[in-house]
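I opened this structure with a short list of things to look up. My notes follow in the order I took them.

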Amino acid sequence: MNISKEARDIHYSALVVDTHSDSLAWPTRHGVDIGQPQEKTHMDLPRMREGNQNVQFFACFASPSWIENKKVVQVTLDYMDSFHTLMRDYPDQIEQATTADDVRRIIDAGKLVGVLCIEGGHSIDDDLSILRMYHRLGARYMTLTWNNTNNWADGVLDEPRHDGLNHFGKEVVREMNRLGMLVDISHVAPATFWDAIETSIKPVIASHSSAKVICAAPRNLDDDQIRAVADNGGVIGVNYEITFVGEAYRVTKAALDDEKTEAVKRAEKDHPQDSDSLKSALREIDDLQDEKVAELRKPHYTEIVDHIDHMVSVAGVDHVGLGSDFDGATMPEGMEDCTKVPLITDELVRRGYSEGDIRKILGENFMRVMEEVLTD
Ligand SMILES: [Zn+2]
């Protein structure tokens, strides 16, 4: 990888905190050992070391569609078991942290750091005792929702039911404050965002969200929200997902998705239900969609840094970090996996950021929030 000596020196001596990856899905759902080199994934322990992505938040995600089967807690625990199994199998390479002090101690010992976190407040099954047990197992942040609206908070891509957080939702935030667990507003609806800001007595974070002014994806944060997180003392981890980073890509991809939906509807009308002819028509639609998407020009990794630049200009340099969404997102050109993260440092150097500011963005900002909020 071609990066400047200055960038290399900074990056490989820095705490590089990545506040969101979905990589635990690989061991949990597919039996893949991410302690060993893998080809399909964005991350594994050897590549984390290669890219010096040395402090990783690993998300547990039970799809809300499983709630009806009453499996949401079980699946979350399966993810946590995968995490603890990884720590147990590779004790000389990675260790679990639950506090900022842990992080520094483990880094000084020359190892990678793993921190557990939860994606989607529905995972507590509306029960504060389950939240407390997740904290006991090491979970140190929870997004109040995933894209769905749960029984106490509105999600960003679903019908609102609570005008933000309901009474119990505010109790969840207060209990997280009390426990020493970070309140994460990535994925929540705007009304939930403002209720969380108002209710939390500790800094809130956005573990994986980018800037809406640059790319209008509903998952991104507008400037008022970015400023509110900063005023609150929190940090926003910029998400690398291509439909959150590049506006032109997002718009074109959304139009293709709409075309596909229409084509599926037509096929379902033209062919008998469950017929072989319907199946082959749907397959053709899928293949055509894949071809068209493959032809789109993906955003370039330097566009991730455009989001960092924008957030720094709105909120100041103390409130921006990295939240890749590796293994849960499609990556920009040049950011194929976590070995490419030093390129972000290189781009920050190229754009004139000081060494101190780069270290803040790479991890020290998030360390500050961890020091303030996390407890054992
Ligand atoms: Zn997510």
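**Entry 1: salt bridges, the rule and the count**

I began with the rule. A salt bridge here is a side-chain nitrogen of Lys or Arg within 4 Å of a carboxyl oxygen of Asp or Glu. I also noted that the model is predicted. How many salt bridges does this rule give? The count comes to 26.

**Entry 2: a network**

I looked for salt bridges that join up. Asp306, Asp309, Glu347, Arg350 and Arg351 are linked in one such network. I then took one pair from it. Glu347 and Arg351 meet through their side chains, with N and O 2.8 Å apart.

Is Glu347 buried or exposed? Glu347 is buried, because its relative accessible area is 4% and buried means under 20%. Arg351 reaches 30%, so I logged Arg351 as partly exposed.

**Entry 3: helix 14**

Glu347 took me to helix 14, so I checked its cover next. Helix 14 is mostly covered, with eight of its nine residues buried. I listed them: Pro342, Leu343, Ile344, Thr345, Asp346, Glu347, Leu348 and Val349.

What do these buried residues pack against? I found helix 1 (5–11), helix 13, strand 8 and helix 15 (355–373). I also looked past the end of the helix. Gly352 follows helix 14 and has a positive phi, near 90°.

**Entry 4: helix 13 against helix 14**

I picked one of those partners, helix 13, for a closer look. Helix 13 spans residues 302–315 and helix 14 spans residues 342–350. Their axes come within 10 Å and cross at roughly 60°. That angle makes helix 13 oblique to helix 14. The crossing is right-handed.

Which residues meet? From helix 13 I noted Thr302, Ile304, Val305 and Ile308. From helix 14 I noted Ile344, Glu347 and Leu348. I sorted the residues of this contact into five nonpolar, one polar and one charged. Glu347 turns up again here, after its place in the salt-bridge network.

**Entry 5: helix 6 against helix 7**

I then turned to another helix pair. Helix 6 covers residues 128–136, and helix 7 covers residues 167–179. Their axes come within 11 Å. The crossing angle is roughly 30°. That makes helix 6 roughly parallel to helix 7, because angles under 35 degrees count as roughly parallel. I marked this crossing as right-handed.

On the helix 6 side, the contact holds Leu128, Leu131, Arg132 and His135. On the helix 7 side, I wrote down Phe168, Glu171, Val172, Glu175, Met176, Arg178 and Leu179. The residues of this contact divide into six nonpolar, one polar and four charged.

**Entry 6: two further salt bridges**

I went back to the salt bridges for two pairs. In the first, Arg105 bonds with Asp102, and the closest N and O atoms are 3.4 Å apart. How are the two placed along the chain? Both sit in helix 5 (residues 100–108), three residues apart, so about one helical turn separates them. I recalled the general point: an α-helix has 3.6 residues a turn, so residues three or four places apart point the same way. Arg105 is partly exposed at 42% relative accessible area. Asp102 is buried at 14%.

The second pair is Arg297 and Glu303, whose side chains meet at 3.5 Å, N to O. I checked the cover of each partner. Arg297 is exposed at 62% relative accessibility, whereas Glu303 is buried at 19%.

**Entry 7: positive phi in two loops**

Last, I looked for positive phi in residues other than glycine. Asn52 has phi near 45°. Where does Asn52 lie? I found Asn52 in the loop between helix 3 (45–50) and strand 2 (55–60). Asn52 is buried, with a relative accessible area of 11%.

Asp327 also has a positive phi, near 65°. I placed Asp327 in the loop between strand 8 (320–322) and helix 14. Asp327 is buried, with a relative accessible area of 16%.

How values were computed: Residues are numbered from 1 along each chain as its sequence is written. This is a predicted model: local features need pLDDT of at least 70, side-chain atom pairs count only at pLDDT 80 or more; totals for chains, interfaces and linings use all residues. Side-chain values use heavy atoms; hydrogens and water are left out. Axes are lines fitted to C-alpha atoms, for helices over the stretch in contact, and angles run from 0 to 180 degrees between N-to-C directions. Helices (H or I, at least four residues) and strands (E, at least two) are DSSP runs, numbered from the N terminus. Angles under 35 degrees count as roughly parallel, over 145 as roughly antiparallel, 65 to 115 as roughly perpendicular and the rest as oblique. A crossing is left-handed if the near helix is turned anticlockwise from the far one by less than a right angle, and right-handed if clockwise. Contact means heavy atoms within 4.5 Å. Ala, Val, Leu, Ile, Met, Phe, Trp, Tyr, Cys and Pro count as nonpolar, Asp, Glu, Lys and Arg as charged, and the others, Gly among them, as polar. Buried means under 20% relative accessible area, exposed over 50%, partly exposed in between (1.4 Å probe, protein chains only).
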